[in-house]
Amino acid sequence: MHYEIAAFQHAIAPVRLPNMCRMEMQDSMSLTHPEQHWVWQKKEADFATPALSVASPFWLAVADGVSASPAAALASCSWLGALQKHILQQAQGGQHASAPAQIRAAWQQWQGKYLTSATYGASTTLACVAFDGSRYTAINCGDSRIWLLRQPAGQQATEWQQISQDHTAWQYLLDEG
């Protein structure tokens, strides 16, 4: 299979809340593939990545730093960098752990490197899709969702299917009716 991946990030205006002013982009995105890999966090203005054609296998992840936590932008960008580094090291070593196991191992490495008194409490969400050449694994944590978009043959409309749910009190209330 062949996939086209493109991303757009909208620059935020300063958000002013009582006792808080968020002035930076806190979202990060990463693509991990044997032939190309990047972690992206654009802060200055609206920015779109060029569409990339990616053959399998790949990992695609988005992390959104939690704005109420310290170092939210650092949390999202550094977490995706640690995850990508772990995935590439595993692939080079010929190791093929499950996607959840790789995320847990990368999380431990990330905490060991970035957990300091200055960053204590920094947090981020994660929405990740891993494709190993035969199956997809979708993993999310926090108030993030993963959607499948497809255009059925012979139709102009795109179908949207939500394949994960966020982990919030609001979603819990919706699920409970």
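Leaving aside neighbours within four places in sequence, A63 is in contact with Q26, D27, S28, S76, W79, L80, T124 and T125, where contact means heavy atoms within 4.5 Å. That is a good place to start a walk through this structure. Please keep in mind that this is a predicted model, in which local features need pLDDT of at least 70 and side-chain atom pairs count only at pLDDT 80 or more, while totals for chains, interfaces and linings use all residues. Residues are numbered from 1 along each chain as its sequence is written, and side-chain values use heavy atoms, with hydrogens and water left out.

A63 sits in strand β9, residues 58-64. Helices (H or I, at least four residues) and strands (E, at least two) are DSSP runs, numbered from the N terminus. Is A63 buried or exposed? A63 counts as buried because its relative accessibility is 0%; buried means under 20% relative accessible area, exposed means over 50%, and partly exposed lies in between (1.4 Å probe, protein chains only). One of its partners, D27, is 36 residues away in sequence, yet the two C-alpha atoms are 5.7 Å apart in space.

Another partner of A63 is Q26, so let us turn to that residue next. Q26 belongs to the loop between β4 (20-22) and β5 (27-32), and it counts as buried because its relative accessibility is 6%. Beyond its neighbours within four places in sequence, Q26 touches Q41, A63, D64, G65, V66, S67, A72, A73 and S76.

Q41 from that list has its own loop, between β6 (37-40) and β7 (47-48). Which side chains does the side chain of Q41 meet in polar contacts? One is the side chain of S28, at 3.1 Å, and another is the side chain of S76, at 3.3 Å. A polar contact here is a pair of N or O atoms within 3.5 Å; within protein, one must be able to donate a hydrogen and the other to accept it, and residues adjacent in sequence count only if both atoms are side-chain atoms. S28 and S76 are also among the contacts of A63.

Following the chain on from β9, we come to A71, in the loop between β9 and α1 (72-92). Most residues other than glycine have a negative phi. A71 has a positive phi of about 55 degrees although it is not a glycine. With a relative accessible area of 30%, A71 is partly exposed.

W79, which we met as a contact of A63, also takes part in an aromatic cluster with W107, W110 and Y114. The whole structure holds 7 aromatic pairs. For this search, rings of Phe, Tyr and Trp (its six-membered ring) pair if their centres lie within 6.5 Å; planes under 30 degrees apart count as stacked, over 60 as edge-to-face and the rest as tilted.

Now for the charged residues. Side chains of opposite charge can pair when their charged atoms come close. How many salt bridges does a search of the whole structure find? It finds 3, a salt bridge being a side-chain nitrogen of Lys or Arg within 4 Å of a carboxyl oxygen of Asp or Glu. D166 and R145 meet in one of them, at 2.8 Å from N to O. D166 lies in the loop between β13 (159-162) and α3 and R145 in the loop between β11 (136-141) and β12 (147-150), so this pair ties together parts that are 21 residues apart in sequence. D166 counts as buried at 7% relative accessibility, whereas R145 is partly exposed at 37%.

Another salt bridge joins D132 and R135, at 3.7 Å from N to O. D132 is partly exposed, with 43% relative accessible area, and R135 counts as exposed at 53%. R150 pairs with E159, their closest N and O atoms being 3.9 Å apart; R150 is partly exposed at 45%, and E159 is partly exposed at 40%.

Finally, here is the view of the chain as a whole. The protein chain has 3 helices and 13 strands, and 34% of its 177 residues count as buried. Among contacts between residues at least 6 apart in sequence, 59% join residues at least 24 apart.
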